[in-house]
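Me: Please take a close look at one buried charged side chain in this structure, and then describe the elements that follow it and some that come before. Keep it plain.

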Amino acid sequence: MKIKMLFLKGIFFFLIFALNSSLFAQSGRIEGRIFDAKNNEPLPFTNIVIFGTNIGTSSDPDGNFVFTGIEPGYQKLTATSVGYEKYISEDFLVTNAKTIFINLPMVETSITLDEVVVRASPFVRDQESPVSLRRLNISEIERNPGSNRDISKVIQSLPGVAVTPTQRNDVIVRGGGPSENSFYLDGIEIPIINHFSTQGASGGPVGIINVDFIREVNFYSGAFPADKGNALSSVIDFRMIEPNKDKWNFRATLGATDLGFTANGPVSANSGLIFSVRRSYLQFLFDVIGLPFLPTYNDLQFKYKWNIDKKNQLTLIGLGAIDNNKLNTGIKNPDEEQQYILGYLPENKQKSYTVGAVYRHFSKNGFHTVVLSRNQLNNKAYKYQDNVEVDTLKVLDYNSTETENKLRYEFSGNKSGWNYNYGAGLQLSKYTDNTFQQQFIDGQLQDFNRIADLNLWSWKMFGQISKGFFNERLNLSLGIRMDANDYSSSMTNLFEQFSPRLSASYALIENWFINGNIGRYYQRPPYTTFGFTDNTGTYVNKQNGLKYIRADHVVAGLEYHPNEESKVTMEGFYKFYNNYPFSVPDSVSIASKGADFGVFGNEEVVSTDKGQAWGFEVFARDTDILGFNTILSYTFVRSKFEDKTGEYIPAAWDNKHILNLTVMRKLKRNWDVGGKWRFVGGAPYTPYDVEKSSLVEAWNAQGGPYLDYDSFNTLRLGSFHQLDVRVDKQYFFDRWSLMIYVDIQNLYNFQSENAPVYIRELNDQGQPVIINPEAPPAEQMYLLRELQTTSGTILPTIGIMVEF
C-alpha cells in the first residue's frame, strides 16, 4: 500500500508541475517529399496545404517541401497537381520536440475539367475495393475510448465487428469466426497480432503491435485485393510511419497494462530506424487484486528503412513477443469462480516472432516488390489435476511450433489508365507437435501421445487489373488468385482453388455512388488441423481428405458524400461457406470455435460442412458535426452452419445486432474528449452435459464440465452493451512533449450475462464430494452445482507518454 501511495503521489506532483509549466511558442516542423506513386519520380512545384487552413507551400525540383512554425497537434496535408488526383494525407502528430517526415504519393488521372468531378475528401475511395473498406488514421487509434492504444481493440469499433463480453481481441467480422482473418504489416503477413494468442485463430487479450509505429490501418471486410489471400472474413493492413531523418527522438510510455520505450532516428543520410520494447506489469496488479492467473508479456518491434537511391528501397521489419501465464495458486480461500478457473486453466508459455525484408525497385510505369519473411510460434501448455504437480496427475503436456518461410514477388503499374498488379509466391511451412493429453472419449478415459513433424510447400499466383471509364464515372476491377500446397492430392491443383473477384463502382450523380463486389475466397485450415495425429502418428485429417475452406461473397451498396467532412454508406452482404471442417468427435462445425484461450483446430475433422452469413450495414461518419468527430454504425447479421443432420443452426457469432457510436472532440488548449457506446446482441451458447461432466474420470481429465453438443447453440445470452469515455491532454514544450490520458471502460458498470457453468460441491475439508464412492472408479460421480457468473466492471486507467 505504501508503494502504491508513493506512486500516486509521484504522478500527482508530476502533473502539477506539468500543469504549471509555461508552454513555448509554436515551432512544429513538417518535412516531406511528393512523388509519382507508380515510379517514385519527384513532382516539382506541387501545391501542398495544411488541411483546413490557408497555410501552404510548394515542392522544390526534387519534390521536397517544408513547413515551419506549425501549431502542435494532429494535422494532415492536402496536395494538388495538374494531371493527378487531389491527395489528402493521413493524420500525424506535430510536436515541438521533433520534425515530422511524410511522403505524399500522387496518382495520375485522366479526368477532364469539363466533366463531373467528385470533390476530394479525407475518405479515400479504392478501385480494387469500393465496398467494405474502412480506414483508420493514427489520431483515431490513439484517442479511441476504451481501447487504451491497443489496435486490436480499436478494430472492434469498426462496422460489422462483434465484441465478446470477455473483452478478448477476437476479430469477429460479419458472422465469421476469429480464425478467418489475415494481417499485414507494411506488406509482410503477420499471423500473430496478440499476446497469449489462440493457436490456429487470431484472438488474445492484448495486442502486440505498438501504436507508436502506426500511421494508418486499412480494414477490408470484403472485396479483398488479389495479392492478399488466406482470408474468409477480413484482411487488415497495417501501415507504419517512416523513420526520422534529422535526429533521434524518444518516447517513454506508461500504459494501462505495460511500460514501453520507443526510439526513432537516422542511421545514415539515407536510412533510419524505429524500435520499441514493452513489458507488462499485469502480474503484479492481478496478484494484488486476487485474480487466479498471473500473465506476463514482453514484446519488441522495429522498422529499418534504407532509401538506396531514387529507384531502390529496402525495408526490414521485426515483431516478437514472449508471454508467460502462471496460475495464482497462492490465493487464500479462493471463491467459487476462482476455483473454477484454477481447475481448468493450464499454465502457458508462448514465443512468437515475424521478421521480413521488403525490396522495392521503381521503373518507368510501376514498381517491383520482393518480400522475404519468416514467422514462428512456439506454444507450450501443461496442466495437472487440481494443480498438484505430480507426474501421475498430469493431464496435459503440450508443445507445438509453427514456422513459415515466405517469398513473394509482385509488380504494380499503370499504363494508359490501366492499373495492374500481378505476382507469385512460394512458402515452406513446418509444424511440429509433441503432446500428451488425457481425454474422456466414448465413455472412457484415454491417454493420447501425439507426435507430428510436418513440412508443407505452398505456392500462389495472383493478378488484378483496374480501370476507370467514362471519365472515371465507372470503375471496374477484376482480380484472380490461385493457391495450392503439397499436403494432399486434393490441394496440389491451383485450379481447385481458383479465386476470381470483380468490383464495380458507378457515380450516379455528384458524390453518389453505387458499389458492388462478387468474389470467391479460399483459406487453408489451421496447421493444428493439418498436423493432427492419432497415437500411431497417422495424419488423420489427411486421410479424411482435408480441403481448403471456401467462401463466396456478394456485397452491394450505396455511398454518399454530403460534403468533404462526411460519408454515409449502406451495404448488404451475403457469404456462403463450403468445405468447412466438421468436428468428428463433437459432430459440430468448428466454425463456432476459436474464441477461447488454448488451441483451435487440433481434432479430427471432415471437410463437409456448409454455412451462411448475411445481413446489412449502415455507416455514417462526419469529422465535424457541431465540432464532434462522429462515427455511427449499425450491422444486422445472421450466421448459421449445418449441424450433423444438415439443418442450419445459429453459429456462435450469430449476434444479430451490432451498434457502435463513437464521438470525439478537440477542445481548446490541447484537450480532447471522447466516448464510445457499443451494443451487441446476445450470442448463442451450448449448455453443459451434466451427466457426463459429473463422472470423476471425465472431470479430472478436463478440469471442468463438458458441453452437450446434442444441444449445440440452442440457448442465447442476453445483450451486451458498454460505455467507454476518455480525456486526453497534451503539453508541447520547447524540447519535449507530455501526453496524458484518462480512460474509463464500462462507465455505468454493466454486468453482462455469462453462460452458466458447473463446479464441484466441496465438503467441510475442502474436498470434492463423490456421491457414490462405493462404485467402481469408472462409475463414480462428483456432486455438481450450477454457478451463474457475470462479466463487467468499471475499469479506470491512466496513461502517460513523454516524448523528447
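Reply: A polar contact here is a pair of N or O atoms within 3.5 Å, where one must be able to donate a hydrogen and the other to accept it. The model is a predicted one. In it, the side chain of arginine 450 makes such a contact with the side chain of glutamine 439, at 3.0 Å.

Arginine 450 belongs to strand 28, which covers residues 444-469. Is the arginine 450 side chain paired with an opposite charge, or without a salt bridge? Arginine 450 is buried and has no salt bridge. The nearest side chain of opposite charge is that of aspartate 433, 6.1 Å away, whereas a salt bridge requires a side-chain nitrogen of Lys or Arg within 4 Å of a carboxyl oxygen of Asp or Glu. Aspartate 433 is nevertheless among the residues that arginine 450 touches. Leaving aside residues up to four places away in sequence, the others are Asn434, Thr435, Gln437, Gln439, Phe532 and Thr533.

Moving on along the chain, the loop between strand 28 and strand 29 holds phenylalanine 470. Its phi is near 55°, a positive value in a residue other than glycine. Phenylalanine 470 is exposed, with a relative accessible area of 61%.

Strand 29 (residues 474-485) then pairs with strand 30 (residues 498-509) in the antiparallel sense, over nine bridges. Within that pairing, isoleucine 480 stands opposite proline 500 of strand 30. Strand 30 also pairs antiparallel with strand 31 (residues 512-523), here over eight bridges. Leucine 502 has isoleucine 518 of strand 31 as its bridge partner. Strands 30 and 31 form a hairpin with two residues between them. Asparagine 511 sits in that turn, and its phi, near 70°, is again positive in a residue other than glycine. Asparagine 511 is buried, with a relative accessible area of 4%.

Earlier in the chain is helix 4 (residues 282-289), in which Leu282, Gln283 and Phe286 are buried. Seen down the helix axis, these buried residues fall within an arc of 95°, so they line one face of helix 4. They pack against strand 21 (271-280) and strand 22 (293-309). The face turned away from the buried side carries Phe284 and Val288, both exposed. Glycine 290 follows helix 4, with a positive phi near 85°.

Earlier still is an open sheet of five strands with mixed pairing, in the order 10-17-18-13-14. Strand 10 (133-137) and strand 14 (188-189) stand at its edges with a single partner strand each, so one side of each has no neighbour in the sheet. Is edge strand 10 mostly covered or mostly open? Four of the five residues of strand 10 are buried, so it counts as mostly covered by the limit of under 20% relative accessible area. Its partner is strand 17 (residues 214-220), joined to strand 10 by five bridges in an antiparallel arrangement. In that pair, arginine 134 stands opposite phenylalanine 219 of strand 17. At the other edge, strand 13 (residues 181-185) pairs antiparallel with strand 14 over two bridges. There, tyrosine 184 stands opposite glutamate 189 of strand 14.

Notes. Residues numbered from 1 in each chain as written. Predicted model: local features only at pLDDT ≥ 70, side-chain atom pairs only at ≥ 80, totals over all residues. Heavy atoms only, no water. Pairing = 2+ DSSP bridges. Buried < 20%, exposed > 50% of the residue type's maximum accessible area, 1.4 Å probe, protein only. Arc of directions from axis to C-beta. Contact = heavy atoms within 4.5 Å. Lys, Arg positive; Asp, Glu negative; His and termini not counted.
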